[in-house]
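Q: Hi! Could you walk me through this one?
A: Happy to, let's pull it up.

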Amino acid sequence: MAEKTHPPEPIVRWNSGRADRRRRLWRRFRRRPMPMIGLTLVVAFLVLAVFGPLVSGDPSAQDYLATLMPPSIDHPLGTDDLGRDAFARVASGARTSLQAGVLSTLLAMAVGIPIGLAAGFYRRWLDSIVMRLVDVTLAFPFLVFAVGLAAILGPSLRGVVLALSFAQLPAVIRITRGEVLAIREMDYVSAAIADGATDGHILFRYILPNSAGPLIVQATVAIPTAIIGEATLSFLGLGVQPPTPSWGVMLSDAQQYLDQAPWLAIWPGLLIALATLGFNLLGDGLRDVLDPRSGP
Amino acid sequence: MSLLEITDLTVGFDTEDGTVHAVKGVSFGVERGEILALCGESGCGKSVTAMAVPRLLPSATTRLSGSIKLDGRELTVLPEAEMRRIRGKEVAVVFQEPMTSLNPSFTVGYQITEVLRRHERLSARAARARAVELLELVGIPAPHRRVGEYPHQLSGGMCQRVMIAIAVACSPQLLIADEPTTALDVTIQAGVLDVFRDLRDRLGTAIILITHDLGVVADIADRAVVMYAGRAVEQAPVEELFARPRHPYSLGLMRALPAAAVVGPDGRRRLTEIPGMVPSPLSDPQECAFHPRCPSAQADCTASRPPLERHGDAHLAACFHPGGHP
């Protein structure tokens, strides 16, 4: 052991990339058809939300000579009762949906994960108080809770995002706390304590990275719930206000013209269904891949 | 002065049935560069005794009394922040389960540098170079490649070597190894024990080796403390212990080794077992805890508890009727 038998090798920067782990997960993910369909739908949704409004023109431009037109070359998805291009409105609505879904989920994660970490790690009175509050809020159905909050916060995109993120918060806290409780008992956490690691180090280097899987899955499942939540609130008039396009508002407006222009209800309805289906399939796939108990 | 001086250590745990005493008045010392084996059956208190040194027992439910002095400093009363500086730096621990004792989210190299940067304030570059040296020190082939691998890419024996590398990264004075070879293949065990021996020889690290395997004790330890039902019943240098065991329990453990198997009446080699069970930790009558299982028990064994007495140079045993050696 005293003698070096191997030729000198250059020191590699080993702790920068986690590339091979990612490659392995991607190989596992790619083999499954349903998650790949989900990923495709999500990517299509993102492309529509990001690039759609750039090519579609003004979603608020009215044309009274072309109201309630069926799909045509000029208006590929038709026009509404004010002669506005349905494609432009659907594309802008995708942006609204994306903002509501992603922003509210990110906000809920940013607030809920630290609370869950602290409650699960320090236990005692902090845990008791937090978890009783979580239990109380979880007793309300998600949408009832969100509708109530949106009514208080006032109808606007900002109000919708805040209401939806607050409604998601209890679930995020509970999942994070559960992960902390499980992982703090792991041998590698005991080993870290025995090496003199501080609480912050144990929380952010040991517990958080090893609970990332369930939290990522939670996020992908929460986004479609929030998208439906935004559409519902807007449909009820508690969310985004006209003239800002939203799939929920479009559905609500289309009700009056179901017999003359059914496509006005079909497009936003179909897109809500496809976007949420995509995120859910993606979430299921991630759960399978990130769960170490599932196969190779 | 010994490196570690444990005096009259008693450890109890609060449970619903009252306080359960896992360790009852244990005293022993560890010299610099010495390999001390703490041996005994499951539940005899050997792990609790050792884990009390770096204060790794659950603080909320642990009732501890007695004294633990490292290099003259009383550890039982140190503030938690100072204790944290001692853990990993002066006293390091290697656990039993190597496969689950490494953080699965980071490379082994990162985990070694983490300890170095915490306690030694090394730069990232210096820590990385040191990590490669440490992996080489514990006998991992191609350390330049292994530093970049994740724990799941390594075998159990490799993981245990990495754990040892992390433990000795800051050149601790005392290394506590809790059954370090129990979870490993027999073929790997000898290699890992060689690593411990080599570290002691090269770095002068004192090692407390917790084990139930007397084969391991004979192989590597300088001195042994045999524990039974929370008490030290015998302590002696290893050659002395194996040549002249005084406590019937130590003798029983040696007879139970495969090498000591005797030929039975049917002509097949049989292991000699110690009859009976370990007594419940809830009761603690004033008598020898081993007497129900002891072949040489007599009336006085239940009258009072035998004290730990000197039987020759550096040899202590707690028995009224010690083994029949001169």
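Q: So how many helices and strands are there in chain A?
A: Chain A has 11 helices and 0 strands, where helices (H or I, at least four residues) and strands (E, at least two) are DSSP runs numbered from the N terminus. This is a predicted model, where local features need pLDDT of at least 70, side-chain atom pairs count only at pLDDT 80 or more, and totals for chains, interfaces and linings use all residues. Residues are numbered from 1 along each chain as its sequence is written, chains are lettered from A and ligands numbered from 1 in the order written, and side-chain values use heavy atoms, without hydrogens and water.

Q: Okay, what does the C-alpha trace of chain A span?
A: About 90 × 55 × 30 Å along its principal axes.

Q: Which residues of chain A does UniProt list as "transmembrane region"?
A: The unreviewed entry lists 100–121, 133–153 and 260–283; such annotations may be inferred rather than shown by experiment.

Q: And how far apart are the end C-alpha atoms of residues 100–121 of chain A?
A: They lie 31 Å apart, and that span is 100% helix. For residues 260–283 of chain A, the ends lie 38 Å apart, with 88% helix and 0% strand.

Q: Switching to chain B: what does the domain assignment give?
A: Domain 1 (98–169) and domain 2 (249–319), with bounds from an automatic or database domain assignment.

Q: How far apart are the C-alpha centres of those two domains of chain B?
A: The centres of domain 1 and domain 2 of chain B lie 42 Å apart.
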